[in-house]
Amino acid sequence: MNESTKNTNRNRDNNTKRGYIIAIAVAAVIIIALLVIIIKMPKGGPSRPVPTEKVVILSPIVTETQATPEVTAAPTEAPTEVPTPVPTEVPTPTLEPTPDPTPTQAPPTVTPSPKPRIVGGKTSANPAYEGKRLVALTFDDGPQVGATELMLDVLKKHGAKATFFCVGTQLSYGPAAEITKRAAQEGHQIANHSYSHPAFGKLTKEEILYQRDTNAQLIEKITGKAPTCFRVPGGGRGQTVRETIGQPIVMWDIDPLDWKFLNESHLKKYAEENGISYSEAESRWIDIILFEGLHTDLDGEYIWSPPVAEEMKHGSILLFHDIYPASAKAVDRLLTYLEENYGNYVYLPFDDFILTENDTVIPGKVYLTMWRTYPSD
Ligand SMILES: [Zn+2]
């Protein structure tokens with residue numbers, strides 16, 4: 001073999017080696033590329049996006065659990081309702097640190113909405129009575145000579161205006177009628193408490209109308225003004241009564257039970273049993289009613305009668321009777337106490353009282369307070 005042949009052989013060898021190397025390299029590149037493709041290519045193909053969706057689903061759960069602590073913040077407003085359900089759902093303690101800033105801001109968005117109008121506020125919503133507590137003092141079953149005049153004197157002393165629910169048979173007595181005339185002249189409202197004070201539950205429509213109209217005529221004759229509201233004897237408020245009376249029916253939310261404890265026979269008996277004077281017995285029972293409260297048997301039911309002085313809320317209707325001198329003394333002591341301790345009570349006749357925060361006084365409605373009526377709205 002000559003040199004040139006050797007060279008060509010060597011060259012051929014080199015060429016084949018180079019070819020191998022290139023082939024191997026290309027193959028390697030291809031293999032690597034394939035591996036890369038295989039690795040990168042999703043096994044499940046198009047279904048792969050689902051897991052990423054699953055991950056997305058997880059994140060709302062986190063935000064939900066972040067949101068729930070806002071509910072835990074709510075108990076400041078509604079402590080009785082919220083606490084029970086929430087603690088069982090929330091106890092992912094790891095999430096607690098994050099929501100802290102939000103809960104303190106969240107509740108205010110709830111607060112402004114609930115009450116569009118002030119109903120039963122602590123003081124009047126009427127700008128003319130700003131900061132005042134308006135109360136309707138009402139007196140039943142008079143006029144009574146020897147008691148109603150005392151009540152009028154007490155009201156005058158305190159600058160209070162009230163409503164007298166007069167009974168026709170009482171008005172028929174001349175001197176008593178004169179007292180009612182005086183009451184009207186002094187700015188009190190004279191209202192209708194039936195002609196002869198029967199139990200209304202047993203009356204027919206005709207009888208109810210007779211009771212209403214006979215007394216209304218008497219009142220108009222004495223005061224020059226027909227009565228505009230009615231109180232049913234015994235406080236009845238049945239459907240027949242409501243439909244027949246055709247006027248606002250006035251009830252009350254505060255009953256001092258003066259008819260039971262400040263009547264003369266009860267006080268006399270109490271004085272005798274306890275070896276004290278009548279006026280001491282009177283004073284003692286006025287204190288019990290106004291400032292202490294008592295448990296008592298009422299229509300077979302044992303009830304707690306709270307102290308009247310603590311029950312006097314803005315919007316209240318108070319029921320007394322102007323047939324006992326002791327009731328006049330009780331009203332005097334009550335109004336004095338409220339003046340000395342609060343100084344913001346204003347006593348208005350029923351119609352004026354309702355109209356301070358209502359557009360009208362509605363016929364057939366039974367008023368328990370300035371806003372609470374029966375049947376309810
Ligand atoms: Zn009565």
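In the predicted model, H197 counts as partly exposed, because 18 C-beta neighbours lie inside 10 Å, a number below the 20 at which a residue is taken as buried. This histidine is placed in the loop between strand 3 and helix 9, and its phi is near 60 degrees, a positive value in a residue other than glycine. A comparable description applies to L257, a residue of the loop between strand 4 and helix 11 (258–261), for which phi is positive at about 60 degrees although the residue is not a glycine. L257 likewise counts as partly exposed, with 18 C-beta neighbours inside 10 Å. Such backbone features merit notice because most residues other than glycine have a negative phi, and most peptide bonds are trans. Two cis peptide bonds may be described alongside them: one joins G142 and P143, with omega at about 0 degrees, and another joins Y374 and P375, with omega at about -10 degrees. P143 belongs to the loop between strand 1 and helix 6, whereas P375 is found in the segment after strand 10.

The chain as a whole contains 16 helices and ten strands. Of its 377 residues, 29% are buried, and among contacts with a separation of 6 or more, 72% are accounted for by residues 24 or more positions apart.

Helix 9 (residues 205–223) follows the loop that holds H197. At 1.5 Å a residue, the 19 residues of helix 9 should span 27 Å, and its end C-alpha atoms are indeed 27 Å apart, in agreement with that expectation. The buried residues of helix 9 are I208, Q211, R212, N215, L218, I219, I222 and T223. Seen down the axis of helix 9, these buried residues fall within an arc of 135 degrees, so they line one face of the helix. An α-helix has 3.6 residues a turn, so residues three or four places apart point the same way. On the other side of helix 9, K205, E206 and K221 are exposed. The buried residues pack against strand 2 (163–166), helix 7 (168–171), helix 8 (174–185), strand 3 (189–192) and helix 10 (239–245). Just after helix 9, G224 adopts a positive phi of about 85 degrees.

Farther along, the loop between helix 9 and helix 10 includes G234, which is exposed, with 12 other C-beta atoms within 10 Å. When neighbours within four places in sequence are left aside, G234 is in contact with A199 and F200. The C-alpha atoms of G234 and F200 are 8.1 Å apart, while the two residues are separated by 34 residues in sequence.

Strand pairing was examined next. Strand 7 (residues 317–321) is largely enclosed by the rest of the structure, because five of its five residues are buried. Both faces of strand 7 are covered, with I317, L319 and H321 buried on one side and L318 and F320 buried on the other. Strand 7 pairs with strand 1 (residues 133–140) in the parallel sense over five bridges, and within this pairing L318 is the bridge partner of L137.

Strand 5 (residues 294–298) and strand 6 (residues 301–305), by contrast, run antiparallel and are joined by five bridges, with W304 of strand 6 serving as the bridge partner of H295. These two strands form a hairpin with two residues between them, and D299 in the turn has a positive phi of about 50 degrees.

An open sheet of mixed pairing is formed by three strands in the order 4-9-10. Strand 4 (249–250) and strand 10 (373–374) stand at its edges, each with a single partner strand, so one side of each is left without a neighbour in the sheet. Strand 4 pairs with strand 9 (residues 366–367) in the parallel sense over two bridges, and Y367 in strand 9 is the bridge partner of V250.

Two helix pairs illustrate contrasting packing angles. The axes of helix 6 (residues 148–158) and helix 15 (residues 325–341) come within 8 Å and cross at roughly 10 degrees, which makes helix 6 roughly parallel to helix 15. L150, M151, V154 and H158 of helix 6 make this contact with P325, A328, V331, D332 and L335 of helix 15. The axes of helix 12 (residues 264–274) and helix 13 (residues 278–292) also come within 8 Å, but cross at roughly 110 degrees, so that helix 12 is roughly perpendicular to helix 13. Here the contact involves L267, K268, Y270 and A271 of helix 12 and Y278, E280, A281, E282 and W285 of helix 13.

Key. Residues numbered from 1 in each chain as written. Predicted model: local features only at pLDDT ≥ 70, side-chain atom pairs only at ≥ 80, totals over all residues. Pairing = 2+ DSSP bridges. Helix = DSSP H or I, 4+ residues; strand = E, 2+ residues; numbered from the N terminus. Expected span 1.5 Å × (residues − 1). Arc of directions from axis to C-beta. Contact = placed C-beta atoms within 7 Å. Axes fitted to C-alpha atoms, helices over the stretch in contact; angles between N-to-C directions. Parallel < 35°, antiparallel > 145°, perpendicular 65-115°, else oblique.
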